[in-house]
Each structure stands twice: as structure tokens, then as C-alpha cells.
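Reader: I'm new to this and would like a quick tour. Could we look at the structure together?

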Amino acid sequence: MTDGSHYLAFETGGTKLVAAVAGPDLRILETVVLHREKSDRAERSFERVATAAEGLHRRYAANGAGFRAIGFGFGGVVRRSTNSPHLCLHEDGWEEIDVAGELNARFGLPAFVENDCKLAALAEAHCGAGAGASSVFYVTLGTGVGGGLVREGRIQTLGDFGEAEIGHVVVERGGPPCCCGGRGCVESVCSGPGLSRLAALLGERSPGLWRASKLFAPRPPDSKAILAAWRAGDPFGSLVVERSVDYLATALAAAVNLTVPEKVVIGGGLGTASARMIDLLRKRTAPLVAPYLRDDFEIVVSKLREQAVTQGAALMAARKIAARLQ
Ligand SMILES: [Zn+2]
């Protein structure tokens with residue numbers, strides 16, 4: 001059943017579930033996006049996204065397309081040695097699902113599971129904002145914060161549970177609680193929800209600025225409102241965004257020193273929301289990088305955007321099959 005030329009690609013994340021088809025050139029041909037509810041559990045999400053993929057598979061097969069393999073971009077920690085989800089910080093129950101086995105049973109195709117950010121890094125390095133660079137460090141800023149490292153066109157697999165986990169680098173000792181169980185991680189102050197949490201915290205510390213701000217309300221503002229206030233010159237909005245960018249810059253500069261990427265690609269809903277925020281990130285990161293490395297890397301915005309993970313999933317599936325045939 002692996003003699004076809006098309007691929008199924010999946011993505012699961014904090015807010016969405018995606019099923020897609022990639023053609024013989026590995027480019028994504030069609031995508032179905034489903035929105036998940038916060039209360040959804042993994043079993044329901046998996047069923048919904050697999051059913052969406054069955055619809056795509058049926059239609060393409062009816063038109064003569066054969067399928068070769070499946071790539072699954074999981075929004076959580078993957079255990080590579082078992083090719084399965086290990087832990088999802090945003091949705092319970094994924095560790096109980098044999099994703100690769102279930103997909104294999106449904107579609108009769110080999111399925112490969114990898115962390116979503118590693119796949120986005122692979123795709124950006126291959127045909128996105130990092131194309132042509134020998135090494136790419138990818139960071140997603142969205143519901144969570146994750147990272148991936150690609151060198152010479154390959155995901156750098158440094159551990160069974162992944163690597164390049166910039167989201168859980170501590171940037172504020174004893175800072176806000178993070179969903180990983182730690183405190184003061186990048187994710188706790190730089191993700192969408194983290195920006196909101198940081199606003200609540202800074203509002204308590206600077207009540208005068210907070211009360212004078214258009215963001216002042218009984219409930220902490222969301223990340224969109226915070227970015228809008230910052231763009232409009234609101235002093236409290238600026239305080240929150242600049243502090244958050246400083247936290248990210250601290251961790252990113254360490255990542256650059258440690259992994260010396262040619263390109264740092266920023267993706268995710270929040271990461272691609274504001275070119276001005278990326279400019280600020282460039283300015284705040286550069287002085288923290290070792291002086292002799294400062295001119296050798298560039299921070300750029302994701303080119304593949306919403307398609308980065310599924311594009312990476314198709315690429316990975318094709319490579320795994322090619323490696324098996326060697
Ligand atoms: Zn954490």
C-alpha cells in the first residue's frame with residue numbers, strides 16, 4: 001500500500017486540528033481545519049481529525065490518487081522510540097491513544113509521529129523562511145511556545161522526548177506558573193495566555209499605569225488587545241509587550257549562542273501577528289548574543305504560517321519511507 005505518491009498530513013494544536021493532503025512534490029494540496037473546544041479530550045479530537053482525513057483520502061483516491069504514508073504533527077511531547085504522543089500540556093488523554101497504530105489500521109499506511117514544532121522547523125528550512133540556510137532554529141509563539149532545530153535539512157534529534165524546548169527555559173525565577181509544572185518559563189510569559197498573565201502581574205505591580213490604561217478591566221486583557229494597545233502607544237501595553245519580548249530575547253540569545261543557527265524563524269499565531277514585535281525582538285536579542293556571533297544569524301518571520309506543521313509532516317513521512325527503502 002505504500003506505492004502511491006500522495007501523503008496524509010495531520011496537525012493537532014491548542015486551538016485547532018488539521019488534516020491535509022500533499023501531492024507527489026510534497027506540497028500541501030488541500031487542508032481541512034477544525035477548531036477544538038478547550039474542554040475537548042484527545043479521544044474526541046483524534047476521532048474528528050481522522051474522520052476529516054478519511055473524507056480527503058476517499059475523495060483523492062476516487063480521483064485516482066494513491067497514498068504512500070502519513071505524517072502526524074503532534075502539539076505536545078512525542079516519545080520517538082515508540083513513535084507515539086507522550087504528553088500534551090493543553091489536552092488530556094493523548095498518551096492513551098496509539099496514534100500511529102490507529103492511523104495504520106484506518107488507512108493501511110505507515111504513520112510517523114513527531115512534535116509539531118520540529119516539523120514546522122523542517123518545513124521552514126526546506127521551503128519556507130529558512131530555505132537555503134544550513135541551520136534553522138524555529139520558535140512558535142501561540143497557545144504555547146515551542147522550538148525545533150534543523151541542520152543540513154534534517155531535524156536534530158537529540159533526545160527521545162525532543163530538544164530545542166525554548167518554551168520551558170526559565171527566564172524569571174519564581175515567576176508565573178507554567179503548564180509544564182515549572183515557574184517562570186518562556187511559555188508562562190510569552191505565549192498568548194502568558195502575555196495575558198504577565199499583564200495581570202504587571203498590573204498589580206504598577207497599579208497607576210494599569211488604571212490609566214485602556215486595557216484596564218476586571219479581567220486580564222487577551223494578547224490581541226495587548227498588542228493593539230502597544231501599537232496605539234498605550235504605556236501599560238508597552239510595558240507588557242516590552243517585558244515579554246525581553247524575556248523571549250533572553251532565551252533566544254542563549255539558544256543562538258548554544259546552537260549557532262543561521263536563521264531563527266518565528267511562527268505561530270502570536271509570532272506572526274506583528275512585524276513590529278519581531279523588529280523589537282531583533283533589537284532586544286542582538287545585544288545578548290556573544291559579540292562574535294551577532295552578525296551570523298538573522299531573525300525572520302515564518303513564511304509557511306498556518307501550513308508549516310502539515311508541510312513538515314508530509315516531508316517527514318516521505319523521508320521516513322525513503323529511509324526504509326534504502
Ligand atoms: Zn514550562
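Author: Sure! One bit of vocabulary before we start: the domain bounds used here come from an automatic or database domain assignment. Also keep in mind that this is a predicted model.

Reader: Okay, so which residues make up domain 2?

Author: The protein chain is split into two domains. Domain 1 takes 6-120 plus 306-325, and domain 2 takes 131-303.

Reader: How many Å separate the centres of the domains, and which element gives the most to the side of domain 1 that touches domain 2?

Author: Going by C-alpha atoms, the centres of domain 1 and domain 2 are 27 Å apart. The contact draws 17 residues from each of domain 1 and domain 2. On the domain 1 side, strand S5 (77-79) and helix H3 (116-127) each bring at least two residues. The top contributor there, with four residues, is H3.

Reader: Now for helices H8 and H9: are they parallel, perpendicular or oblique to each other, and why?

Author: Helix H8 covers residues 235-259 and helix H9 covers 275-285, and their axes come within 9 Å. Those axes cross at roughly 55 degrees. That angle falls outside the roughly parallel range (under 35) and the roughly perpendicular one (65 to 115), so H8 and H9 count as oblique.

Reader: And what kinds of residues meet where H8 touches H9?

Author: From H8 you get residues including Val-241, Leu-248 and Asp-246, while H9 offers Met-277 and Arg-284, among others. Sorted by type, the residues of this contact are two charged, one polar and nine nonpolar.

Note on methods: Residues are numbered from 1 along each chain as its sequence is written. This is a predicted model: local features need pLDDT of at least 70, side-chain atom pairs count only at pLDDT 80 or more; totals for chains, interfaces and linings use all residues. Axes are lines fitted to C-alpha atoms, for helices over the stretch in contact, and angles run from 0 to 180 degrees between N-to-C directions. Angles under 35 degrees count as roughly parallel, over 145 as roughly antiparallel, 65 to 115 as roughly perpendicular and the rest as oblique. Two residues are in contact if their C-beta atoms, placed from the backbone, lie within 7 Å. Ala, Val, Leu, Ile, Met, Phe, Trp, Tyr, Cys and Pro count as nonpolar, Asp, Glu, Lys and Arg as charged, and the others, Gly among them, as polar.
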